[in-house]
Amino acid sequence: MAMIIRKKMGRASSLLMILLTFGLAFGTYNLITMIIHNRSIKTWMNADSSGGVFFDPVVEMPEDVKKLKTTKARFHVVLTATDAPYSKWQCRIMYYWYKKAKDLPGSDMGGFTRVLHSGNPDNLMDEIPTMVVDPLPAGLDRGYIVLNRPWAFVQFLEKSKIDEEYILMAEPDHIFVNPLPNLSYGGFPAAFPFFYIKPEQNEKIVRKFYPEENGPLTNIDPIGNSPVIIKKDLLQKIAPTWMNVSLKMKDDPETDKAFGWVLEMYAYAIASALHGVQHILRNDFMLQPPWDLSTNKKFIIHYTYGCDYNMKGELTYGKIGEWRFDKRSYLRGPPPRNLSMPPPGVPESVVTLVKMVNEATANIPNWDTE
């Protein structure tokens with residue numbers, strides 16, 4: 001599903017409310033997205049998985065907005081990573097599926113760069129196109145390795161010479177399950193909305209970095225930096241601010257404690273808002289097993305959560321299951337080839353994930369290399 005951006009509406013007439021209710025009844029996710037992202041860019045806008053943009057029939061749309069379509073320009077895939085074994089095996093799988101999906105119908109993928117922010121070349125330089133950049137000065141990340149990501153993008157944007165006008169910011173635990181088109185539109189980047197990024201529920205903290213004079217908190221999108229498809233020149237403006245906000249957040253004990261592992265995500269969302277950049281929210285951009293059950297009309301599998309089931313195919317909800325796939329089980333080296341398939345009854349998304357991991361590991365040479 002996708003983002004709805006709407007004007008704040010005054011007291012509506014009874015007829016208008018009836019029409020509005022009818023329009024919203026077409027999708028529960030649309031309603032949820034509206035609640036999360038209730039703000040104005042002149043219109044309501046809802047982008048669907050086929051690349052079209054549909055509009056609510058109640059509100060008259062300006063003609064220039066009615067003509068919005070997704071951008072057809074190619075985007076460069078930029079993957080930030082470390083040289084840890086845990087990161088490397090995920091990058092190898094991700095790059096394998098990038099190559100499989102890149103030239104399929106419907107794909108707008110261009111080139112690919114792994115931005116290695118460990119500071120030194122590793123043993124994947126010949127396998128994956130890679131740019132080596134510097135990590136943050138020792139101790140500055142305070143053990144929060146993700147803090148190197150915005151600094152890595154600042155360096156990439158300064159040093160790289162890529163042909164594409166757009167960039168997809170990606171992560172190692174992404175798998176392209178379907179060909180990915182350019183979901184953005186000009187000055188409106190495309191992003192995936194995360195349910196746990198809630199600026200309005202963290203107003204006291206967020207206002208430290210996004211003062212009231214900058215506008216309402218609804219200007220801050222409920223997103224992280226990845227996945228995002230964005231024009232390169234926009235990212236060049238946002239990236240230094242994103243880095244600085246991240247460092248300031250980490251240096252503030254209250255913020256660090258409140259945001260924890262999503263601190264850098266909040267920093268990107270706030271940095272974007274500080275630059276007046278608003279994102280088209282695309283629920284179809286990504287799925288996250290085991291909570292999302294199907295890969296149908298979705299583009300990226302994000303396997304950040306553990307998938308644990310009993311042999312009846314029932315989710316064990318946080319407890320280690322009789323069958324499981326969890327990337328954190330392989331911190332020190334790659335998973336073995338030919339992982340066991342989940343039991344009957346497990347959702348299609350989990351089955352597809354395991355099949356795609358198995359296909360990649362079966363075809364990547366020297367898979368057991370750390």
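**Group meeting: a helix pair and two buried loop residues**

Good morning. Among the contacts in this protein between residues at least 6 apart in sequence, 72% join residues at least 24 apart. Please keep in mind that the structure before you is a predicted model. The protein has 370 residues, and 57% of them count as buried. Its secondary structure comprises 10 helices and 14 strands.

I shall begin with two of the helices. Helix α7 covers residues 232-251, and helix α9 covers residues 263-274. Their axes come within 8 Å of each other and cross at roughly 135°. How should we describe that angle: parallel, antiparallel, perpendicular or oblique? The arrangement of α7 relative to α9 is oblique, because an angle must be over 145 degrees to count as roughly antiparallel, and the range for roughly perpendicular is 65 to 115. The crossing of these two helices is right-handed.

Which residues make the contact? On the side of α7, they are L235, I238, T241, W242, V245, S246, M249 and K250. On the side of α9, they are L263, E264, Y266, A267, Y268, I270, A271, S272 and L274. Sorted by class, the contact of α7 with α9 contains 12 nonpolar residues, three polar residues and two charged residues.

I now turn to the loops, beginning with P193. This residue is found in the loop that runs between strand β8, residues 190-191, and helix α6, residues 203-206. Is P193 buried or exposed? Its relative accessibility is 10%, so P193 counts as buried, given that buried means under 20%. Leaving aside residues up to four places away in sequence, P193 touches P222, I223, L281, R282 and N283. In addition, P193 and F285 are 92 residues apart along the chain, yet their C-alpha atoms are separated by 9.1 Å.

The second loop residue is T316. It is located between strand β13, residues 307-309, and strand β14, residues 323-325. T316 has a relative accessible area of 18% and is therefore buried as well, since the limit is again 20%. What lies 2.5 Å from a polar atom of the T316 side chain? It is the backbone oxygen of K319. Residues up to four places away in sequence are not counted in the list of neighbours, and with that condition T316 touches D308, Y309, N310 and G321.

To conclude, we have looked at an oblique pair of helices, α7 and α9, and at two buried residues, P193 and T316. Thank you for your attention.

Conventions. Residues numbered from 1 in each chain as written. Predicted model: local features only at pLDDT ≥ 70, side-chain atom pairs only at ≥ 80, totals over all residues. Heavy atoms only, no water. Axes fitted to C-alpha atoms, helices over the stretch in contact; angles between N-to-C directions. Helix = DSSP H or I, 4+ residues; strand = E, 2+ residues; numbered from the N terminus. Parallel < 35°, antiparallel > 145°, perpendicular 65-115°, else oblique. Left-handed = near helix turned anticlockwise from the far one by under 90°. Contact = heavy atoms within 4.5 Å. Nonpolar A, V, L, I, M, F, W, Y, C, P; charged D, E, K, R; others polar. Buried < 20%, exposed > 50% of the residue type's maximum accessible area, 1.4 Å probe, protein only. Polar contact = N/O pair within 3.5 Å; in protein donor to acceptor, adjacent residues only side chain to side chain.
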